[in-house]
Amino acid sequence: MTSAKKILFRADAKPEIGIGDLMSLIQLSKYFEEDGWQAFFMIRAYEAGIRLIEKYEIKQVRIIESNITIPEEVNEINTYILTKSIDVVFFEITENKISDYLGLLSDVSKACVSFDGKILPDMKLVVDWDVAAHDYFSPDKYPETKFLLGPEYVILPYNFDLKRVAARRIHHPPKRMLIAMGGADEFDFTSQVIQELVNQKIQIAVTVVIGSGYKYRADLDAQLEESKLRYELKENISNMFEEYMRCDLAIGAGGLTASELVATGTPAYLIAIYEHQEARCKYFDENGWATYLGDFKTWKTNLPIRFDGIVKRIPVNFFKYRSIINICNEFTTK
C-alpha cells in the first residue's frame, strides 16, 4: 500500500494583501485531502493568517517569522520539504514575486497561483483566475508547465453545493440583503455601504458579514445600533455558502467574494476595492452575472440600489478548479 502524497501550501493573510491568498489554499487543501493527499501549510506570523489557521483547525502548519527574508524563507521551505517528504509545493503569495523564490529544491514539484506572470522556470502548474490571465502568460515559453488560466478556475469553497445552486429561487422583491466586503476590508467599506443603506432608508433585512482581518468592529457595532436597520452581524464565519443562499441580493467586494457570489447565482452589486479587481467586476457585469457599481472612488455615483430587474444567471463552466488536483496527480508518481 503506497503512502499518501504530500502537498505543502505556502500563503499568507494580512489586511494589506487580503485574506484571499491563504483562504483559497485552505479551501483547495480540502479538495486535495478528499483525493487522498496529506496537506501541510507554511505561513508568516501575521495575525489574520494565524486566525484563519485556527478557525479552520489546520493542524499541520509551520509558522515562520513575519519579517523573514526570502532567502531565509526558501531555506525554511527546503528544510520542511525534506523533513516532511513533501511531493508538491503550492504557492499563492501576492506580497512577493514568486520568481524571487530562487534556490528551492529541484526534485520537488512546484505549483502556484500567480496573477502577475512572474513565475519560476520549473513550475509544473500555474493557475490564474484573473479575467486578464492570458495577457500575463505565454505558455509556449514554458513547454513543461501546465497552465489553467481564466475565471472558471477560481477555487470555490469546499462546502459549495452545486445542486442547491442550480435549484435556488430568489425572492422578488428581495427579503434579505447580504453585505460582504471581504475578509479584511482594510478601508472599512462595510461602514460606507451601511451608511448608504441608511441614507436610502432600506427596509429589508440585512446580514452583515465581517472577516478575520476586520479591525473596525467597535465602530461598526455603534453604527449599526444607531442605523435602525433590521440587521444581524456575523463575524469570521466558516460557511459563507449558506449566507449566499439565504439572501436575495448582495453588495460585495471585487475579490474572491465576487466570484463566490457569481458562482451561487446571487444578484449582486460589486465594488472594486483595489485596482486589480476592476477588470473582474467589469467582466462579470458585461456577462450579466453581477452589477458593477464602480471602483472605490466612483461606486456611490451609481446608487441608489434597485430591487427589481437584477436577476443574474450562473456562468457556464465556472467550476473547473478540480482540474488542479488532476494535474498534480499527473506529475506525481508516488
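**Exercise 1. The pair α1 and α2**

Are α1 and α2 roughly parallel or roughly antiparallel to each other? Determine the answer for this predicted model, and describe the contact between the two helices.

*Solution.*
Step 1. Locate the helices: α1 covers residues 20–34 and α2 covers residues 47–55.
Step 2. Take the geometry of the pair. The packing angle is about 20 degrees, and the axes lie 10 Å apart.
Step 3. Apply the cut-off: angles under 35 degrees count as roughly parallel. The helices α1 and α2 are therefore roughly parallel to each other.
Step 4. Add the handedness: the crossing of α1 past α2 is right-handed.
Step 5. List the residues that meet. From α1 these are Leu22, Met23 and Ile26, and from α2 they are Gly49, Leu52 and Ile53. By class, the contact holds 5 nonpolar residues, 1 polar residue and no charged residue.

**Exercise 2. The sheet of 7 strands**

State the strand order of the open sheet of 7 strands, identify its edges, and describe the helices that pack on it.

*Solution.*
Step 1. The order is β3-β2-β1-β4-β5-β6-β7, and the pairing is parallel.
Step 2. The edges are formed by β3 (61–64) and β7 (146–149). Each has a single partner strand, so one side of each is left without a neighbour in the sheet.
Step 3. From one strand to the next, the twist averages 15 degrees.
Step 4. Examine one pairing in detail. Strand β5 (residues 109–113) pairs with β4 in the parallel sense, over 4 bridges. Within this part of the sheet, Phe90 stands opposite Ala111 in β5.
Step 5. Place the helices. The helix α1 packs on the sheet and touches β1 (6–11), β2 (38–44) and β4; its direction makes about 170 degrees with that of β1. The helix α11 also packs on this sheet, where it touches β4, β6 (125–128) and β7. The direction of α11 makes about 180 degrees with that of β7.

**Exercise 3. The sheet of 6 strands**

Carry out the corresponding description for the open sheet of 6 strands.

*Solution.*
Step 1. The strands follow the order β10-β9-β8-β11-β12-β13, with parallel pairing.
Step 2. The edge strands are β10 (231–235) and β13 (291–295), each of which pairs on one side only.
Step 3. On average, and with direction ignored, neighbouring strands of this sheet are turned by 15 degrees against each other.
Step 4. Consider β8 (residues 176–180) and β11 (residues 249–253): these strands run parallel and are joined by 4 bridges. One of the residues involved is Ala180, whose bridge partner in β11 is Gly252.
Step 5. Place the helices. The helix α6 (residues 189–199) packs on the sheet and touches β8, β9 (205–210), β11 and β12 (268–272). The direction of α6 makes about 150 degrees with that of β8. The helix α10 (residues 278–286) touches β12 and β13, and its direction makes about 155 degrees with that of β13.

**Exercise 4. The pair α6 and α7**

Which residues of α6 and α7 make the contact between these helices, and how are the two helices oriented?

*Solution.*
Step 1. The helix α7 covers residues 217–227; it packs with α6 at an angle of about 10 degrees, with the axes 11 Å apart.
Step 2. The helices α6 and α7 are therefore roughly parallel to each other.
Step 3. The contact is made by Thr190, Ser191, Ile194, Gln195 and Val198 of α6, together with Leu220, Gln223, Leu224 and Ser227 of α7.
Step 4. These residues divide into 4 nonpolar, 5 polar and no charged.

**Exercise 5. Backbone features in loops**

Locate the cis peptide bonds that precede Pro173 and Pro304, and the positive phi of Ser85.

*Solution.*
Step 1. The bond from His172 to Pro173 is cis, with omega near 0 degrees. Pro173 lies in the loop between α5 (162–167) and β8.
Step 2. Leu303 and Pro304 are joined by a cis peptide bond with omega of about 10 degrees. Pro304 lies in the loop between β13 and α11 (323–330).
Step 3. Ser85 is not a glycine, yet its phi is positive, at about 55 degrees. Ser85 is found in the loop between α3 (70–84) and β4 (88–92).

**Exercise 6. The protein as a whole**

How many helices and strands does the protein have, and how compact is it for its length?

*Solution.*
Step 1. The protein has 11 helices and 13 strands.
Step 2. The radius of gyration is 20 Å, close to the 20 Å that the globule rule gives for 334 residues, so the protein is as compact as a globular protein of that length.
Step 3. Along the principal axes, the C-alpha atoms fill a box of roughly 60 × 40 × 40 Å.

Note on methods. Residues numbered from 1 in each chain as written. Predicted model: local features only at pLDDT ≥ 70, side-chain atom pairs only at ≥ 80, totals over all residues. Heavy atoms only, no water. Axes fitted to C-alpha atoms, helices over the stretch in contact; angles between N-to-C directions. Parallel < 35°, antiparallel > 145°, perpendicular 65-115°, else oblique. Left-handed = near helix turned anticlockwise from the far one by under 90°. Contact = heavy atoms within 4.5 Å. Nonpolar A, V, L, I, M, F, W, Y, C, P; charged D, E, K, R; others polar. Pairing = 2+ DSSP bridges. Rg over C-alpha atoms; globule rule 2.2 N^0.38 Å.
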